[in-house]
Amino acid sequence: MAGYDDRDGKIWMDGELVEWRDANVHILTHALHYASSVFEGERCYNGKIFKSVEHSERLRKSGELLDMPLPYSVAEIEAAKEATLKANGFTDAYVRVIAWRGAGEDMGVAAKRNPIRMAIAAWEWGNYYGDAKFKGAKLDIAKWKRPSPETIPHAAKASGLYMICTMSKHAAEAKGCSDAMMFDYRGYVAEATGANIFFAKDGVVHTPLADGILNGITRQTVIGMLKAKGVEVQERRIEAAELEDMQQCWLTGTAAEITPVGQIGDYTFEVGQMIKDLSTEYEALVRA
């Protein structure tokens, strides 16, 4: 497969569609040096982006949290996403929207005089965890912890917050794992490197409070689905020792969708009926 920098197609940049290979930025782009960027990952099913407006709203909110107000309204972002999909002829695709501080008059930590730019790319992407979606992913336990909300705007989907996620996933892959589970700064279960995490025990579902992690759109969707089925969902702080007694585990995210977990470190879980049913129902929901 060609690299992501060498493909046919169109990418939307700052209000116009450009050739994929020409979608470039200057080396002194502020975001490259200081991580001043926010993004969204979205999936299009049968020509419709799932929860599209919610993603666009969160993108703008992320920009605000980084003191980087986006120059595009939700309606303008929605139209740009539709134009990108149409230009590439996609009906089923992954959509990446990114906004960043570009190159300009400032080249230091402060960058108020630099333009805020935005781009949208889309490509066809299968299961994020490959066949783990069916047999259960194997997760490492990361040595890095999610930082305190006093140190970062944890509600923002900001690129800089993923640095330790990349490091953790590389370490996990080196051990033959699909991903890594991270604890938060207090030592409670937090999330995987790019997905929220759920557990089930005796018919009750447990998931970490979103008080130091991103409250994922898929996470919120799954909680709503479970509650609609009458399943008790406890959003709470989960201690590491509790994993030994959990029976099922799964990850949620736009890329991950709903992916069962078979193992985290030395802890094992079954790919049970709750996960299977939930995955089937989610697939029907996103394609409705």
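So, the second largest cavity: there's about 60 Å³ of space in there. Keep in mind as I go that this is a predicted model. Who's around that space? The lining is Arg 43, Tyr 45, Phe 50, Lys 51, His 55, Ile 217, Thr 218, Thr 254 and Tyr 282. In terms of secondary structure, strand 3 and helix 6 are the elements giving two or more residues to this lining. By class you get four nonpolar, three polar and two charged residues.

Let me stay with two names from that list, Phe 50 and Tyr 282. The structure holds nine aromatic pairs, and Phe 50 with Tyr 282 is one of them, an edge-to-face pair with 5.9 Å centre to centre and 80° between the planes. Phe 50 sits in the loop between strand 4 and helix 2, while Tyr 282 is in helix 7, residues 273-286, so this contact ties together parts that are 232 residues apart in sequence. Buried or exposed, these two? Phe 50 is buried, at 14% relative accessible area. Tyr 282 is buried too, with a relative accessible area of 3%.

Now a second aromatic pair, Tyr 94 and Trp 123. Here the ring centres are 5.1 Å apart and the planes stand at 45°, so we call this pair tilted. Tyr 94 belongs to strand 5 and Trp 123 to strand 6, so this one links parts 29 residues apart in sequence. Both residues are buried. And they have company: Tyr 4, Tyr 94, Trp 123 and Trp 125 make up one aromatic cluster. There's a charge in the picture as well, with Arg 7 lying over the face of Tyr 4, at 4.0 Å from the ring centre.

Okay, back to the empty space. How many cavities of 30 Å³ or more does a search of the whole structure find? Two. The largest cavity comes in at about 70 Å³. Its lining has 13 residues, and the ones nearest the centre are Asp 184, Arg 186, Val 189, Leu 209 and Asp 211. Split by class, that lining is seven nonpolar, one polar and five charged.

Next up, the pockets. The largest pocket has a volume of about 780 Å³. Its lining runs to 35 residues, with Phe 39, Lys 157, Tyr 162, Thr 193 and Gly 194 nearest the centre. Quite a list of elements gives two or more residues here: strand 3 (37-45), helix 2 (52-65), strand 5 (93-101), helix 5 (163-174), strand 9 (189-192), helix 6 (217-228) and strand 13 (248-253). Which element gives the most? That's helix 5, with four residues. On the class split, we have 15 nonpolar, 14 polar and six charged. If you're following along on the structure, strand 3 and helix 6 are in that list of contributors, and they're also the two elements I named for the second largest cavity.

The second largest pocket is about 640 Å³. There are 20 lining residues, and nearest the centre are Ile 11, Ala 23, Ile 98, Ala 119 and Ala 121. Strand 1 (10-13), strand 5 and strand 6 (116-123) each put in at least two residues. Strand 6 has the largest share, with four residues. The classes here come out as 14 nonpolar, three polar and three charged. Strand 5, by the way, supplies two or more residues to the largest pocket and at least two to this one. Tyr 94, from the tilted pair, is in strand 5, and its partner Trp 123 is in strand 6.

Last bit, the sheet. What order do the strands come in? It's an open sheet of six strands, ordered 2-1-6-5-3-4, with antiparallel pairing. The edges are strand 2 (16-19) and strand 4, each pairing on one side only. Strand 4 does its pairing with strand 3, in the antiparallel sense, over two bridges. Within that, Cys 44 stands opposite Ile 49 of strand 4.

And that takes me back to where I started: the loop between strand 4 and helix 2 is where Phe 50 lies, and Phe 50 lines the second largest cavity and pairs edge-to-face with Tyr 282. Okay, over to you for questions.

Key
Residues numbered from 1 in each chain as written. Predicted model: local features only at pLDDT ≥ 70, side-chain atom pairs only at ≥ 80, totals over all residues. Heavy atoms only, no water. 1 Å grid on protein atoms, 1.4 Å probe; cavity = no way out; pocket = protein on both sides within 12 Å on 5 of 7 lines; lining within 4 Å. Points joined across faces, edges and corners; volume = space filled by probe spheres on them. Nonpolar A, V, L, I, M, F, W, Y, C, P; charged D, E, K, R; others polar. Phe/Tyr/Trp six-rings, centres within 6.5 Å; stacked < 30°, edge-to-face > 60°. Buried < 20%, exposed > 50% of the residue type's maximum accessible area, 1.4 Å probe, protein only. Lys NZ or Arg CZ within 6 Å of the ring centre and 35° of its normal. Pairing = 2+ DSSP bridges.
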